[in-house]
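Biologist: Please take one part of this model and go through it closely. Start with the backbone there, then move on to the packing around it and elsewhere.

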Amino acid sequence: MQDYIEFAEKNNVLLKDKGPCQFCNAQTERGIHECLEIFNLGFQQIDFSNPKNHIYRFFIVDAHTLQHPEIHGRWNNHFHLSRLHLILEYNFNWSYQHSPQLSNYLKKYKLQNKNEVLSPPPLLKRGEINSLMVLEKAIDEAKTKEYVIAWAKAVYLAWKDHHHTVDSIAKGFLKNNY
Ligand SMILES: [Zn+2]
């Protein structure tokens, strides 16, 4: 869990220990640390042991990662935005087996596009919905799912400047694998 602190340092971002999350504007008391706790422990209303519900895990991971790119590696943006694009725009029925396929495709893609950077939307402008808002609405499984989808869609929209780029990745991925 210390990884994120190292990534922030590498990106020259000073993590704030108090107040709202400096990245997604979740109205937390302990900033990004609390936002990550919600991400790691929250949303237990969803039964993730049911394969039909794995999609919600992908949405949660993609939404949270794309709202907090400063605490992840640069190429994570490509992975998570491409996956969201495939799911939302191509109705791709994602399951755990597809993630390593996309990673492998991106490994090759990186070699051809070494300098490509998907620069994130400005801080606090990465989707109207955040981790804490989902948690607060999560009264039962149906509501939790509803807000997780809304969260993922809001974050996806906030990254619209890069939809064109990830569309070409999505097409390449589909052509390579299917
Ligand atoms: Zn946050």
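Modeller: Just after α2, F43 takes a positive phi of about 65 degrees. The model is predicted, and this phi value, like the others below, is computed from its atoms. As background, most residues other than glycine have a negative phi.

The helix before F43 is α2, which spans residues 31-41. Its buried residues are I32, E34, C35, I38 and F39. Viewed down the axis of α2, these residues fall within an arc of 165 degrees, so they line one face of the helix. The general geometry is that an α-helix has 3.6 residues a turn, so residues three or four places apart point the same way. N40 and L41, on the other side of α2, are exposed. The cover over the buried residues of α2 includes α3 (54-67) and α6.

Two further residues can be set beside F43 for their backbone. N12, which is not a glycine, has a positive phi near 55 degrees. The loop between α1 (3-10) and α2 (31-41) holds N12, and N12 counts as exposed because it has 7 C-beta neighbours inside 10 Å. L124, also not a glycine, has a positive phi of about 70 degrees. L124 sits in the loop between α5 (98-112) and α6 (131-137). With 14 C-beta neighbours inside 10 Å, L124 counts as partly exposed.

G127 is also placed in the loop between α5 and α6. Is G127 buried or exposed? G127 counts as buried because 23 C-beta neighbours lie inside 10 Å. Apart from its neighbours within four places in sequence, G127 is in contact with Q67, W151, A154, V155 and A158. The C-alpha atoms of G127 and Y156 are separated by 7.7 Å, while the two residues are 29 residues apart along the chain.

The loop holding L124 and G127 follows α5, and α5 in turn packs on α8 (residues 163-177). The axes of α5 and α8 come within 10 Å and cross at roughly 115 degrees. The two helices α5 and α8 are therefore roughly perpendicular to each other, and α5 passes α8 in a right-handed crossing. On the α5 side the contact is made by Q101, L102, Y105 and Y109, and on the α8 side by I169, G172, F173, N176 and N177. Sorted by class, the contact of α5 with α8 has five nonpolar, four polar and no charged residues.

Helix α8 also meets α4 (residues 76-90), and the axes of α4 and α8 come within 9 Å and cross at roughly 75 degrees. The helices α4 and α8 are therefore roughly perpendicular to each other. From α4, the residues H78, L81, S82, H85, L86 and Y90 meet H163, V166, D167, I169, A170 and F173 of α8. The contact of α4 with α8 divides into seven nonpolar, four polar and one charged. I169 and F173 of α8 appear in the contact with α5 and again in the contact with α4.

Notes:
Residues numbered from 1 in each chain as written. Predicted model: local features only at pLDDT ≥ 70, side-chain atom pairs only at ≥ 80, totals over all residues. Helix = DSSP H or I, 4+ residues; strand = E, 2+ residues; numbered from the N terminus. Buried ≥ 20, exposed ≤ 12 C-beta atoms within 10 Å, placed from the backbone. Axes fitted to C-alpha atoms, helices over the stretch in contact; angles between N-to-C directions. Parallel < 35°, antiparallel > 145°, perpendicular 65-115°, else oblique. Left-handed = near helix turned anticlockwise from the far one by under 90°. Contact = placed C-beta atoms within 7 Å. Nonpolar A, V, L, I, M, F, W, Y, C, P; charged D, E, K, R; others polar. Arc of directions from axis to C-beta.
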